[in-house]
Amino acid sequence: MSEPNNRRPYRVLGTTPLREDGVEKVMGQARFADDVFLPRMLHAAVVRSPHAHAKIRKISTHKATAMPGVFAVLTGSDFPTLEPTILSHSDASTTDDLKDISENCMARDRVLYDGHVVAAVAALSRHVAQQAAEAIDVEYEILAPILDIEEALNEETPALHEDFTPGQFVLQTKKASANASGFEMNIGEDQDAFSTAEVVVEKRYRTRCVHQGYIEPHAVTVQWGSDGIMTVWTCTQGHFAIREQLSIVLQHPLSKIKVIPTEVGGGFGGKDLIYVEPAAALLAKKTGCPVKMVMSRAETLRGTGPSPGAVINVRLASDKKGTLLAADLELLYEAGAYPGGPVGSAGLAATSRYKISNQTIRGVEVLLNKPKMKQYRAPGGVPVNFAVESTIDILASKVGIDPLDFRLKNAMAEGDRMVTGLPCPKIGGRELLEAVRDHSHYRTPLSGPRQGRGMAYALWFGAGKTSSVSMTVHGDGSVLLNVGTPDLSGTRLTLSMQAAEVLGIDVAEVSARVLDTDSIAFSYKTVASRTTHSTGIAVYQAANNALREMARRAAVYWDIEESSVAITRGSFSDLGNPSRCLSFFELAKLLEKLGGPITVYGNASPGSNGCQLAAHLVDVEVEVDTGKINLLRYTAFQDAGNAIHPDYVSGQMQGGAAQGVGWALNEAYFYSEDGKLLNTSLLDYRMPTAVDLPDIETVILETPNPNHPFGVRGVGEVPIMPPAGAIANALYNAAGIRMTELPMSPGTVLEKIKENID
Amino acid sequence: MSEYSRRVQVTINAREHEIDCEPRQSLLELLRDGLQLTGSKEGCNDGNCGACAVILEGKCVLSCCVLAVEVDGAIIETIEGLSDGLELHPLQSAFLQETALQCGYCTPGLIMAAKDLLSHEPNPSESRIRHWLANNLCRCTGYDRIIKAVKKAGETIAASHE
């Protein structure tokens, strides 16, 4: 790993301390959602539709109810009926219609995808619950499923929903046809940009539905007290989000729902929406017992929200010197059974790393009989980055310019107009591409035949949103930091580090917790690469508030004016008598006499978290007999703004690249002709293993984000974007074949190789 | 427990247990639900993720694919038995120091699988480690740091034997 040089003068930031919660994790003591055991706890199982599209004629539950050990059965009729409900506040946990979310949790009169829940049962054990679920008899009237984008857009295809609330994730879409809604963004006045351009490339790409693949399946335990207070233990990226959704779907007041976040075994955008939580809650209410519901792997793949497949048309124009003049993109993304997929965020990120003065970007999301699509690390960004970065290489080759030089020539910089019409904020795009050019990987010749090198470049926006923290300085000098953003990968430490930096103390003196919804003020979810950035700003505020309050106490102690206390790097001194000085620790010891421990708060709602930029460089070798692509060398470059914990930044880059490689080479949902998901195990849904991946070298750059006190940028999402494009470009350079579909699995590559020979 | 329950005697982390199991229960269920040794994780329940790996009679197995009644009389080691509570096992220390975990869910299984490897081969090559751990999925890290941690732990263990 290359670490950033020119390290600014920080004491804690940029070091690599060990995480406090790590010890429990390596000892097997960390408490994940399935590790919750309560007295009298029952286990729930659900019945899932085996059909992609059907009317529910009748549900017979009497056999299940009569089984020994069965306590309660639940169907859609037990759920409150909702009117369309869209949350309009800026920190809304979902932009989806909560009526859709409710029906996604439990079907009412129709099932809309293979795996849609139709009933639930609570019993003494998981086995009994599963047996009882199998004994529930559901009569279906099978309907024709809509399974692909073109079919859904065909005017002859019937509407999946009589009416629907168009999706509005990141961008508001408008109903465009029976099964589609869309948006269009335009900049530039030149109507003739394409017809007058010297070089134009047009290409159509297709990608498939993939899953986030977190190793921990969804799990929840709910206790519904006789006082009406519902307590929920679950693994989630946003416990306030779960509370809000449960409140609306179950029509239960927010004040009577307490969500306790457990450790989370991976989320990647897939764990912030309710699935089985409402059913577990209603079963807990019915039975008076706590109810635990754990999804199997097959249920997780069939019944949660994967990332949509897409069809993308890209048209790019440049002059003969390689200056990009115009872009025209059409993004057709699956929405699944309900609206609200990530086409809007895909549209925003489609071209935003390049300066292109004339652009049209149309996004369409399409309703069909697959699970309701969901965010997955840089939501929607992978398919469109693959499409655009592949087309950029084709264009560069037509113009006759090296692809890296082409990207450098057209790289967006601060002040350039983005497709939104807004000026680009401060980013280090050119610096990042120059780092690729100057790296030994880029300069080392390839070592054999059928090898090729490729790159791709990506920008992602992320989000700011609200974070709340509280901080207590105890009389022994130790500091408790409480936050409301779940920790998916080590953010308790990156937040403690920011606190320690401000307080002027050792990071080991700060202990961080993620508190439940009753115990800390509202915080938005851990999504959109926001926690180290946005919660970090709240921590910065709280730590400064703590210093101010300590200074006030020092003033009391010395009997001087507050304004006469100077604070420098964790020590307090009397400006009028500089020989009087107290360290943070010494002053903390006096707190008991000066009014007791100090508790302060921090709250931040930044508008963004600065742009994240990544460029990946990969060497591949193609096995021409099998079509298998082997990765020989991989280097990921990224601008972290300020790498608080360089090992964690590097870990995000490697993990994101690994997921991107899986998406590029192997992962895809396979459906039968009647819409049943065929690969419902991790044997058939093939994620990268340790032997599939090379060492992923990481190079971290730091262009400070002007909107964070330490310059932090979001880090987590962007590294998933470049792998597919980089590998596709490398494959072209290795074998002369241009893949326009993901995954580039051996079979599809082999087919292309044969086509090429013919 | 049903009428089919069977009493299973088993030594786990050097402690003897007697517990009633149903024939359909897996070793993973015995550990997690029966004895509340929740360090072993369920990620797939069909032998494809490795999160439930434990050491049975000196050999790494996936506890979701072993029936509880099969382990009658056996000696089992789980993640909970690796450290005496005072000092971490070299693998546990190395995973921490090498930042080999993010969410930590796959970590117990990886550590147990790696322990089995190192007990037979204290100094495996990187390629050997990658192949050995190919049955353990990690979705967060991209594996590099895990491989380095196992390598480092092997060196630490070898050095302590010298």
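The contact between the two chains takes 49 residues from chain B and 56 residues from chain A. Keep in mind that this is a predicted model. The area buried between chain B and chain A comes to about 4300 Å², and carbon and sulfur atoms give 55% of that.

Now the polar side of that interface. Between chain B and chain A there are eight salt bridges. One to look at on the screen is the pair Asp35(A) and Arg32(B), whose side chains meet with an N to O distance of 2.8 Å. As for polar contacts, the count between the chains is 26 residue pairs. On the chain B side, five helices each supply at least two residues to the surface that touches chain A: α1 (27-34), α2 (90-97), α3 (107-120), α4 (126-132) and α5 (144-161). Sorted by class, that side of chain B has 17 nonpolar, 18 polar and 14 charged residues.

Staying with chain B, please find Ser83(B). Ser83(B) sits in the loop between β5 (75-77) and α2. Is Ser83(B) buried or exposed? With a relative accessible area of 11%, Ser83(B) is buried. What does its side chain meet? A polar atom of the Ser83(B) side chain lies 2.9 Å from the backbone nitrogen of Gly85(B), and one lies 2.8 Å from the backbone oxygen of Glu87(B). Leaving aside residues up to four places away in sequence, Ser83(B) touches Leu88(B), His89(B) and Gln92(B), and also Met27(A) from the other chain.

Next, chain A by itself. The domain assignment splits chain A into domain 1 (40-143 + 216-265 + 271-303), domain 2 (310-462 + 608-757) and domain 3 (464-604). I will take the pair of domain 2 and domain 3. Their contact uses 18 residues from domain 2 of chain A and 17 residues from domain 3 of chain A. The C-alpha centres of these two domains are 39 Å apart.

How much area do domain 2 and domain 3 of chain A bury between them? The figure is about 1400 Å², with 68% of it on carbon and sulfur atoms. On the domain 2 side, Ile644(A), Tyr648(A) and Phe710(A) supply 37% of the area buried against domain 3, more than any other three residues. Across this domain interface there are zero salt bridges, but eight residue pairs are in polar contact. The domain 2 residues that touch domain 3 divide into six nonpolar, eleven polar and one charged.

Last, some backbone details. Most residues other than glycine have a negative phi, and most peptide bonds are trans. Three places in this model are worth checking against that. The peptide bond from Leu742(A) to Pro743(A) is cis, with omega near -5°. Pro743(A) is in the loop between α19 (722-735) and α20 (746-757) of chain A.

The other two places concern phi. Gln251(A) is not a glycine, yet its phi is positive, about 50°. Gln251(A) is found in the loop between α7 (239-249) and β12 (257-261) of chain A. Thr99(B), also a residue other than glycine, has a positive phi near 50°. Thr99(B) lies in the loop between α2 and α3 of chain B.

Which of these is buried, and which is exposed? Gln251(A) has a relative accessibility of 52%, so Gln251(A) counts as exposed. Thr99(B) stands at 10% relative accessibility, and therefore counts as buried.

Definitions and conventions:
Residues numbered from 1 in each chain as written. Chains lettered and ligands numbered in written order. Predicted model: local features only at pLDDT ≥ 70, side-chain atom pairs only at ≥ 80, totals over all residues. Heavy atoms only, no water. Domains from an automatic or database assignment. Contact = heavy atoms within 4.5 Å. Buried area = accessible area lost by both parts, 1.4 Å probe. Salt bridge = Lys/Arg side-chain N within 4 Å of Asp/Glu carboxyl O. Polar contact = N/O pair within 3.5 Å; in protein donor to acceptor, adjacent residues only side chain to side chain. Nonpolar A, V, L, I, M, F, W, Y, C, P; charged D, E, K, R; others polar. Helix = DSSP H or I, 4+ residues; strand = E, 2+ residues; numbered from the N terminus. Buried < 20%, exposed > 50% of the residue type's maximum accessible area, 1.4 Å probe, protein only.
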